[in-house]
Structures are given as structure tokens and as C-alpha cells.
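This report describes a single protein structure for a reader who has not met it before. The sequence and the model are shown first, and the description follows.

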Amino acid sequence: GESAKTADRTALKAMLDFCTKKENQVKYLIVYKSDRLARNTEDYLRIKSFLYSKGVKIRSVTENFDDS
């Protein structure tokens, strides 16, 4: 797979496109760790904001955090 060093990743773009097409049908994005989604805070917040606008919340299986 591609590294999470940047937000310019094929699978990430496909997932964001899927969430756009299924707006308000996808409730959660489940990640192993938040740093698997994005390596820097700016990218993470941008992705989180985009997903939130589509009705999607982020959940991590190994971290306990509030994504509201």
C-alpha cells in the first residue's frame, strides 16, 4: 500500500469518493490508528472535516478519542 505521509493516496481518494456518493449512508470510518489515516494534524483535520460534512464519524479500534 501507499504510505500515509501525504493525503494524495489512491485508496484514500477512493474512500472519500465512496463517502461522497453514499452521503449520509456511511456512519463510521473505522481505522486501526488515527496516524494510519493521516500523518500530520492538518491532513487529519481536513479529512475529518470532509467526512463530517458527509455524515461520517471516525472511530479507532486502538485509541480512545472524541471526534466530535
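With which residue does Asp43 form a salt bridge? Asp43 forms a salt bridge with Arg46, and their closest N and O atoms are 3.1 Å apart. A salt bridge here is a side-chain nitrogen of Lys or Arg within 4 Å of a carboxyl oxygen of Asp or Glu.

The model is predicted: local features need pLDDT of at least 70, side-chain atom pairs count only at pLDDT 80 or more, and totals for chains, interfaces and linings use all residues. Residues are numbered from 1 along each chain as its sequence is written, and side-chain values use heavy atoms, with hydrogens and water left out.

**Overall organisation**

The protein has three helices and two strands, and from the N terminus on its elements run α-β-α-α-β. These elements are DSSP runs numbered from the N terminus, with helices (H or I) of at least four residues and strands (E) of at least two. Of the 68 residues in the protein, 32% are buried. Buried means under 20% relative accessible area, exposed means over 50%, and partly exposed lies in between (1.4 Å probe, protein chains only). The accessible surface comes to about 4,800 Å², and carbon and sulfur atoms hold 51% of it; such areas come from the Shrake-Rupley method with a 1.4 Å probe, and for residues only the protein chains shown count as cover. Among contacts with a separation of 6 or more, 65% are between residues 24 or more positions apart, where contact means heavy atoms within 4.5 Å.

**The nonpolar core**

In soluble globular proteins, nonpolar side chains tend to be buried together. The largest nonpolar core of this model has 14 residues, and those with the most contacts inside it are Met15, Leu29, Leu37, Ile47, Leu51 and Ile58. Helix H1 (10-21), strand S1 (28-31) and H3 each supply at least two residues of this core, and H1 gives the most, with four residues. A nonpolar core is a set of buried Ala, Val, Leu, Ile, Met, Phe, Trp, Tyr and Cys residues joined through side-chain atoms within 4.5 Å.

Two of the core residues can be followed further. Leu29 touches Met15, Leu37, Leu51, Val56, Lys57, Ile58 and Arg59, not counting residues up to four places away in sequence. Ile47 lies in helix H3 (residues 41-53) and counts as buried, because its relative accessibility is 5%. With residues up to four places away in sequence left out, Ile47 touches Leu12, Leu16, Leu37 and Ala38. The C-alpha atoms of Ile47 and Leu37, ten residues apart along the chain, are separated by 8.6 Å.

**Salt bridges**

Side chains of opposite charge can pair when their charged atoms come close. A search of the whole structure finds five salt bridges, including the three below.

| Pair | Closest N to O distance |
|---|---|
| Lys54 and Glu23 | 3.6 Å |
| Glu42 and Arg46 | 2.7 Å |
| Asp43 and Arg46 | 3.1 Å |

Lys54 forms a salt bridge with Glu23. This pair links distant parts of the chain, 31 residues apart: Lys54 is in the loop between H3 and S2, and Glu23 is in the loop between H1 and S1. Lys54 is buried at 14% relative accessible area, whereas Glu23 is partly exposed at 36%.

Glu42, Asp43 and Arg46 are linked in a network of salt bridges. Glu42 and Arg46 are separated by about one helical turn because they are four residues apart in helix H3. Asp43 and Arg46 are three residues apart in helix H3, and are therefore also separated by about one helical turn. Within this network, Glu42 is exposed at 55% relative accessibility, Arg46 is partly exposed at 47%, and Asp43 is buried at 12%.

**Strand S2 and the segment after it**

Ser60 lies in strand S2 (residues 57-60) and is buried, with a relative accessible area of 15%. The side chain of Ser60 reaches the backbone nitrogen of Thr62 at 3.3 Å, and a polar atom of this side chain lies 3.0 Å from the backbone nitrogen of Glu63. Beyond residues up to four places away in sequence, Ser60 touches Val31, Tyr32, Lys33, Ser34 and Phe65.

Val61 lies in the segment after S2 and counts as exposed, at 59% relative accessibility.

Conventions: A polar contact is a pair of N or O atoms within 3.5 Å; within protein, one must be able to donate a hydrogen and the other to accept it, and residues adjacent in sequence count only if both atoms are side-chain atoms.
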